[in-house]
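Thanks for coming. I will go through one model today, starting with the contacts between chains and ending with a few single residues.

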Amino acid sequence: MISRAFLVITAGAAVLSSSLWSIPSEAQEAQFFPGLQYRSGPYAPNGIPFANGYADYLEMLNARDGGINGVRIHYEECDTAYNNDRGVECYERLKRAGPSEPASWSPLSTGITYALIERVAADKAPLLTMGYGRADASDGRVFKWVFTAPITYWAGADAIIQYIQEQEGGSLAGKKIALVHHDSAYGREPISTMQRLAGEEGFELSLFPVTHPGLEQTATWRQIGRQLRPDWVVMWGWGVMNSTAVQEAAAVNFPMDRFIGVWWSGAEQDVLPAGTRAAGYKSLGFHAPGADFAAHQDILRYVYDAGKGWGDRSGVGQVLYNRGLLNAVLAVEAVRTAQARYGNRALTGEEVRWGMENLEITNERWAEMGLPGFAREIKLTCEDHEGGGQAFVQQWDGQSWNIISDWIQPRNEALRPAYEASALQYATENRIEIRDCAAEE
Amino acid sequence: MNTRMLTGWGFGVPGTIILIGLIFQLVTQVDSTFYFAWGYYFEILIAGLLQGVMYSLVALGFVLIFKASGVFNFAQGSMVLFAALTMVGLMEWGLHWALAFAATGAVMVLLAISIERVVLRPLVNQPHIILFMATIGIFYLLDGIGQTMWGSELKSLDIGIPRNSVEILENVFEGGILINRYDLVVAAIGAVMVAVLAVFFHKTRIGRALRAVADDHQAALSVGIPLKSIWVVVWTVAGLVALVAGIAWGGKLGVQFTLALIALKALPVLILGGLTSIPGAIVGGLIIGAGEQVSEIFLGHFIGSAIQSWFAYVLAMVFLLIRPEGLFGEKIIERV
Amino acid sequence: MFYREAGQFKSTYAKDQAIFPIKQDKLGVLAIFLFALLVVPFFASTYWLNSILVPFLVFAMAAIGLNILTGYCGQVSLGTGGFMACGAFFTFKLTTAFPEINIVLIILMAGFGTALVGIAFGLPSLRIKGFYLAIATLAAQFFLIWMFTQNPWWTNYNPAGVITAPPRALFGDFYITGALATPLNKYLFLLCFVAVMALVAKNLVRSAVGRAWMAVRDMDIAAEIIGIRPMFAKLSAFAISSFYIGIAGALWAFMYTASVEALAFEVTRSFQVLFMIIIGGLGSILGSFLGAAFIVLLPILLSNAPALLGIRMSTDMIAHLEFMIFGALIILFLILEPHGLARLWQLAKEKLRRWPFPY
């Protein structure tokens, strides 16, 4: 009896799995946007608003404009749980799941980015890693399929140091700066830049790695707050690590306005658990917070009023929501650019890649999209897949995030050679031919 | 516990603490980059001890269930998460926290009854590893249910415990000793809970029955102790302990999925204290908590930082090599 | 009718102790292997090759390794992820230092390295038992991962601490790692490699060493009394198990994800492999394969199911449902058949023998 029940289960599984061989597809002329998001797992509190912003914007375009220049958007998600092998599986599954070739990929995870770099090159699809992933992928001659717009971690590290320098009145000599970072591929990206700057500017850099998922920081912050007493603390954190760090910093009475996070450590989720004690905490940002844009109002009108919103109405305009929205904007604008060349139809990944490489979003264009002043102008080229690379500092006042600095321009004259050297090393290790940008049209 | 043992601990523990401090102070003579100050050392020690109580809260749940049923309950972590999620969810509906606490307690009782009925009863007499595996099934099930019901977003849980830090002993040590009041309150709650559990286990009828079951299932059954209801009681108590742990941890970190992972921090506490001893869970927690923080800060200087991810385990393993049944565990007697 | 042993007389001990004592078994395994080798490549899509068959084979290898230690020798280990990381990082260091040596040799060497690490962390098993040992092996897990994350030397000073598989060929142009390797190449190589290693394992567990392991598992004190050296038995189990697990880690890093950071081998990986052998069947090589198939396929199946059945469901709902169904199925399987899928096959075999005339 028992074994019969089993045979039924096994047989059922076999039938289901055999139907996996042919994945059904819609026979529509729609552009496919795959979403590698995470709405479950340890990083879900941060992944959810991002995913909502991404999906809502696409949904709004479909409802308001009927898609991109009349080509409808077909969006499908797969939950990676911020897990590298799940991410690879999702990628392999989604890449043929849509009505057309995928427009572009954005995994929102540096680890998954590393795993996908070779795959997207083989499958000819662009990979847009917006403010995460490999910094050296900014060199488009080696990383033809990867885009780092609008800014990389190395540029972010440079921007933070510039901001601190300005606050300190120009000189960092003899100052102490501590870097609290997630002990993973993501958290280690800024170290090399910070070390170089420490040498150049003469400040003393101390590293404090925090083990995934980041719950244990008592010792780290006792050391920072009670022994080292640095002038500034910089944080490269994600998920629960951020909120824990803010609370532990408050527990050792570290001054919040001398504590700066990268753009992934500056969302509502990171400061809310600490309550009022988080007021004064700063972070980098590369797009405006808040929902005071025409595009947001359109989202509320066309998506939420129609009951099709992915998240809660109150989440629209949160920092990470806006980040997801920005990601969607860049992906859509790349398609638009490519459509101007290849025609208004569902495009292949290769065509979208051309669009992304020739992407240019001017301030006028931002205003046209209903997002005036939302982010910086972006212009990508064959050599430069980062394009712009500016950031500002925002501060939490206990209620909301407010921009408190001008746009900071990272010193590309030092960063650019570093990208190129690192990319070149990657190219030799992996036998990649370096593109000759002048020869391409 | 006899007087000899008490004096042993009474002198041994402060002795060890001061000895370790002295060693560190000696190191400063050799290595000038190494930082040591007595006030700082004691502050870290206290922070570590308070952290250790938080670990003990989770470890207690494991011990209760292991003691009475020999089941290594991997799902304890997700019970912590589930309890905290339920409580926050109820509070978001507008319930006062005391009411939400009571309601969540009731939910944990229901959970205990259903686990006994659905999972444990059909698996009676199976090898331990099978039961262990079944609790991993419960782990996944509970995680899924909790998140489906209450969502995966971060929620903050505030029942009014003060969170600011205070400085004490400013005249004794330079800079004083900084202590977080939240940790102090939680430690007090933990102490009260352990006292209640100790009374419950040693003085009440059910407690004696529990200890009988722990000693020998069959002998307990033959003298008329109802095994099934005992298991329900144990899982209920473990559920309530999980609720308290959930409130303590959730209040500190916010309630979200990661709470289920703190179970991993309780494991070294368990093996150090012994899987079957309630005082062991407390003492183990204190040792691990303090040892971990002190080593991270002072030893980390030499072997690299972030060592607290493994240091607790290695510390526990070294203890085990000396006493394979843990600090307070029952002596394992094996016969062919 | 077809599956009966009547008439297959074993006239020597060697025949009686054969790996597959029944002719039908031998033919069946051979047929499955040939099917996988010759037929599957023509039908499987890249999704199947990349995301299902390759991880299945890699996990099967890891499960065989853990089964040797836990299923055959009775030592519960939660350090699998750490040992897999050893294999991956050793392979990376060796193959970047000696690019001219064939990758298979490198992987085997990394396996030997992992075996040494396994022996070192197996030493506590001489004194610690049961769950205490299981938790003590977590020390190996966390320490090894820490070591690989903290020392940039292991990743050749990659700023992000990630290793990427360099292109390596098995022979000529038959690339099995790196950007030049096709999914089919990887699959074919893995299939043959895992088949050979499984055969070796199967052979090993019926040898004197294997019998010593089982004696220690059943009752280590009794085993000692009848003259089995528990130290040798336990440490050899740790060594050989780590050898297999290390190779699995190398294959995971080089053939499946092609680029890993140490975090890919964190403790959840250890649990995953442990699930496989418990669900598949402790003390069974076949069970390792069945368990790996179950754990690899089930989540994929569950997350694909709504789309296949035509139900629109939100992503988080799917993820949560996947958790719940996975947990419920584990409990259900344990209640229905605590000895795993391999035991189920045993029962089916009994039935087959009498089919179609049961009595």
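Before the first count, one term: two residues are in contact if their C-beta atoms, placed from the backbone, lie within 7 Å. What you have in front of you is a predicted model. The scores for the model are ipTM 0.87 and pTM 0.90. For chain C, the mean pLDDT is 89, and 99% of the residues of that chain reach 70 or more. As a general caution, where pLDDT is low, the predicted coordinates should not be read in detail.

Let me begin with chain C against chain B. On the chain C side there are 34 residues in contact with 40 residues of chain B. Which elements of chain C give two or more residues to that side? They are helix H6 (130-150), helix H9 (220-225), helix H11 (267-280) and helix H13 (315-336) of chain C. The most comes from H13(C), with 12 residues. By type, this side of chain C, the one that touches chain B, divides into 29 nonpolar residues, 3 polar and 2 charged.

Now chain C against chain A. Here 35 residues of chain C are in contact with 40 residues of chain A. At least two residues each are supplied to the chain C side by helix H3 (46-72), strand E4 (259-261), helix H12 (285-308), H13 and helix H14 (340-354) of chain C. So that nobody has to flip back, H13 of chain C is listed for the side that touches chain B and is listed again for the side that touches chain A. The side of chain C that touches chain A has 21 nonpolar residues, 10 polar and 4 charged.

Next, the inside of chain A. Chain A is divided into domain 1 (30-151 + 289-379 + 414-429) and domain 2 (153-285). Taken over C-alpha atoms, the centres of these two domains of chain A are separated by 27 Å. How many residues does each domain put into the contact? Domain 1 of chain A puts in 16 residues, and domain 2 of chain A puts in 18. On the domain 1 side, helix H2 (44-65), helix H4 (110-123), helix H12 (319-342) and helix H15 (412-429) of chain A each supply at least two residues. H4(A) gives the most to that side, with 3 residues. The residues on the domain 1 side divide into 11 nonpolar, 5 polar and no charged.

Staying with chain A, there is a sheet to look at. It is an open sheet of 7 strands, in the order E6-E5-E7-E8-E9-E12-E13 of chain A, with mixed pairing. The edge strands are E6 (204-210) and E13 (401-403) of chain A, and each of these pairs on one side only. Ignoring direction, neighbouring strands of this sheet are turned by 25° against each other on average. Within the sheet, strand E5 (residues 176-182) of chain A pairs with strand E7 (residues 232-236) of chain A in the parallel sense, over 5 bridges. For one of the residues, Val180(A), the bridge partner in E7(A) is Met235(A).

Now some local backbone geometry, again in chain A. There is a cis peptide bond from Ala149(A) to Pro150(A), with omega near 0°. Pro150(A) sits in the loop between strand E4 (146-147) and helix H5 (153-167) of chain A. Another cis peptide bond joins His212(A) and Pro213(A), with omega about 0°. Pro213(A) is in the loop between E6 and helix H8 (218-228) of chain A.

Then there are residues with positive phi that are not glycine. Tyr82(A) has a phi of about 55°, and its place is in the loop between strand E2 (72-79) and helix H3 (84-94) of chain A. Is Tyr82(A) buried or exposed? Tyr82(A) is buried, because 25 other C-beta atoms lie within 10 Å. Asn253(A) has a phi near 60° and lies in the loop between helix H9 (240-251) and strand E8 (259-261) of chain A. Asn253(A) has 14 other C-beta atoms within 10 Å, so Asn253(A) counts as partly exposed.

Last, back to chain C. Lys93(C) is in helix H4 (residues 80-97) of chain C. Lys93(C) counts as partly exposed, because it has 18 C-beta neighbours inside 10 Å. Lys93(C) and Ala110(C) are 17 residues apart along the chain, and their C-alpha atoms are separated by 9.3 Å.

That is the end of my part.

Key: Residues are numbered from 1 along each chain as its sequence is written. Chains are lettered from A and ligands numbered from 1 in the order in which they are written. This is a predicted model: local features need pLDDT of at least 70, side-chain atom pairs count only at pLDDT 80 or more; totals for chains, interfaces and linings use all residues. Helices (H or I, at least four residues) and strands (E, at least two) are DSSP runs, numbered from the N terminus. Ala, Val, Leu, Ile, Met, Phe, Trp, Tyr, Cys and Pro count as nonpolar, Asp, Glu, Lys and Arg as charged, and the others, Gly among them, as polar. Domain bounds come from an automatic or database domain assignment. Two strands pair if DSSP finds at least two bridges between them. Axes are lines fitted to C-alpha atoms, for helices over the stretch in contact, and angles run from 0 to 180 degrees between N-to-C directions. pLDDT is the predictor's confidence in each residue, from 0 to 100. A residue is buried if 20 or more other C-beta atoms lie within 10 Å of its own, exposed if 12 or fewer, and partly exposed in between; C-beta atoms are placed from the backbone.
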